[in-house]
Amino acid sequence: MKKVTAEAISWNESTSETNNSMVTEFIFLGLSDSQELQTFLFMLFFVFYGGIVFGNLLIVITVVSDSHLHSPMYFLLANLSLIDLSLSSVTAPKMITDFFSQRKVISFKGCLVQIFLLHFFGGSEMVILIAMGFDRYIAICKPLHYTTIMCGNACVGIMAVTWGIGFLHSVSQLAFAVHLLFCGPNEVDSFYCDLPRVIKLACTDTYRLDIMVIANSGVLTVCSFVLLIISYTIILMTIQHRPLDKSSKALSTLTAHITVVLLFFGPCVFIYAWPFPIKSLDKFLAVFYSVITPLLNPIIYTLRNKDMKTAIRQLRKWDAHSSVKF
């Protein structure tokens, strides 16, 4: 009897180990099962991603090439564009190519890499948006101290902190998933890997993990958003007490900043902090977060900023002149 029991335990353990090793890839359910709709979405998001690459690289090239834009505000803007481009590139190319795939598959390691990069660039973007809010606060509320506070070393330090916090946030997120066992279903109801969706497939009770994800990403997102809203409210109150001609430019720049903050943090709050997820809404917000926001950011900053529009026109003239000489 003891021999039979020992053999049964040994068989169960070996079966468990085999099942745990079975999940070597995840399957994305995507956005739709309709082939016609997938063809339309492919063309739509292909154009969108092309716009993301072109628009964000245009901002970076314009800021680097125009000496009039060599200031802390535009330095931070160029880095925001790089982060936006990188964040979108983590998910958008895979989503676009999967529209023509029968099986939308990603390897287990590839899924972990996607989670890491998503939170790395997402966490970095939160910090740089806070830095941009701080930059506008100093420029408007303490203009006499602006050059002293926002010096070159401060800007480099801000970017080091931005990438450092993004890395720490990403590592802390990945630590939740890297040791999980996956032995059951491997279908992710999305078009990319993200921690809240992936941990639900683990062969264990994920309630505590869900709480930890909310405590990590959710609290960080909400606190950053509230901090930015408070700072922009203070700035708006300061602008109200200034003459109209002096406040119009500051208000225009500030409006662009607030719009970008709302576009980025709105979906993040619902994805990572909202306790009652809705699948259809989550997919829409995921698309908005990874494709729409990185496309709108360069449009908002170029259309509402006179200095950027002037610099882009100068860049076009220089490019046209170089082509003629060639």
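Which residues does Leu 69 touch, not counting residues up to four places away in sequence? In this predicted model, the contacts of Leu 69 are Thr 62, Val 63, Tyr 74, Asp 307, Met 308 and Ala 311, with residues up to four places away left out. Leu 69 sits in the loop between H2 and H3. Its relative accessible area is 3%, so Leu 69 is buried. Leu 69 and Met 308 are 239 residues apart along the chain, and their C-alpha atoms are separated by 8.0 Å.

The chain contains 11 helices and 3 strands. Read from the N terminus, the order of elements is α-β-α-α-β-α-α-α-β-α-α-α-α-α. Of the 326 residues in the chain, 44% are buried. Among contacts with a separation of 6 or more, 80% are between residues 24 or more positions apart. The exposed area of the chain is about 17300 Å², and 69% of this area is supplied by carbon and sulfur atoms.

The largest nonpolar core holds 66 residues, of which Phe 45, Leu 129, Phe 264 and Met 308 touch the most other members. Two or more residues of this core come from each of helix H2 (35-65), helix H3 (72-98), helix H4 (108-141), helix H6 (152-177), helix H8 (207-240), helix H9 (244-272), helix H10 (279-303) and helix H11 (306-325). H3 gives the largest share, 13 residues. A second core of 21 residues is separate and includes Cys 111, Phe 182, Ala 202 and Leu 209. For Phe 45, the contacts beyond four places in sequence are Leu 31, Met 95, Ile 96, Phe 99, Val 287 and Val 291.

H3 is mostly covered, with 20 of its 27 residues buried. At 1.5 Å a residue, the 27 residues of H3 should span 39 Å, and the 40 Å between its end C-alpha atoms agrees with this. H3 nevertheless bends by about 40° at Ser 89, and the proline Pro 93 follows within four residues.

H4 is largely enclosed by the rest of the structure, because 24 of its 34 residues are buried. The expected span of the 34 residues of H4, at 1.5 Å a residue, is 50 Å; the end C-alpha atoms are 49 Å apart, which agrees. In H6, the 26 residues should span 38 Å at 1.5 Å a residue, and the distance of 39 Å between the end C-alpha atoms agrees. The buried residues of H6 are Cys 155, Ile 158, Met 159, Thr 162, Gly 166, His 169, Ser 170, Gln 173, Phe 176 and Ala 177. The cover over these buried residues of H6 includes H3, H4, H7 and H8.

The unreviewed UniProt entry places the feature "transmembrane region" at residues 40-61, 112-134, 146-168, 218-239, 251-274 and 286-303. In the model, residues 112-134 are 100% helix and 0% strand, with end C-alpha atoms 33 Å apart. Residues 286-303 are likewise 100% helix and 0% strand, and the end C-alpha atoms of this span are 25 Å apart.

Two residues around H7 were examined individually. Ser 190 lies in the loop between strand E3 (187-188) and H7. With a relative accessibility of 1%, Ser 190 counts as buried. Beyond four places in sequence, Ser 190 touches Phe 28, Leu 29, Gly 30, Arg 197 and Lys 283. Arg 197 is located in helix H7 (residues 195-198). Its relative accessible area is 16%, and buried means under 20%, so Arg 197 is buried. The contacts of Arg 197, not counting residues up to four places away in sequence, are Val 188, Asp 189, Ser 190, Tyr 192, Asp 282 and Ala 286.

Leu 236 belongs to helix H8. Leu 236 is partly exposed, at a relative accessible area of 32%. Leaving aside neighbours within four places in sequence, Leu 236 is in contact with Leu 251, Leu 254 and Ile 258. Leu 236 and Thr 255 are 19 residues apart in sequence, and the C-alpha to C-alpha distance between them is 9.7 Å.

Technical notes: Residues numbered from 1 in each chain as written. Predicted model: local features only at pLDDT ≥ 70, side-chain atom pairs only at ≥ 80, totals over all residues. Heavy atoms only, no water. Core = buried A, V, L, I, M, F, W, Y, C linked by side-chain atoms within 4.5 Å. Buried < 20%, exposed > 50% of the residue type's maximum accessible area, 1.4 Å probe, protein only. Contact = heavy atoms within 4.5 Å. UniProt positions renumbered as here; feature names shortened; annotations may be inferred. Expected span 1.5 Å × (residues − 1). Bend = angle between axes of the 7 residues up to and from the residue. Areas by Shrake-Rupley, 256 points an atom, 1.4 Å probe, with all protein chains shown as cover.
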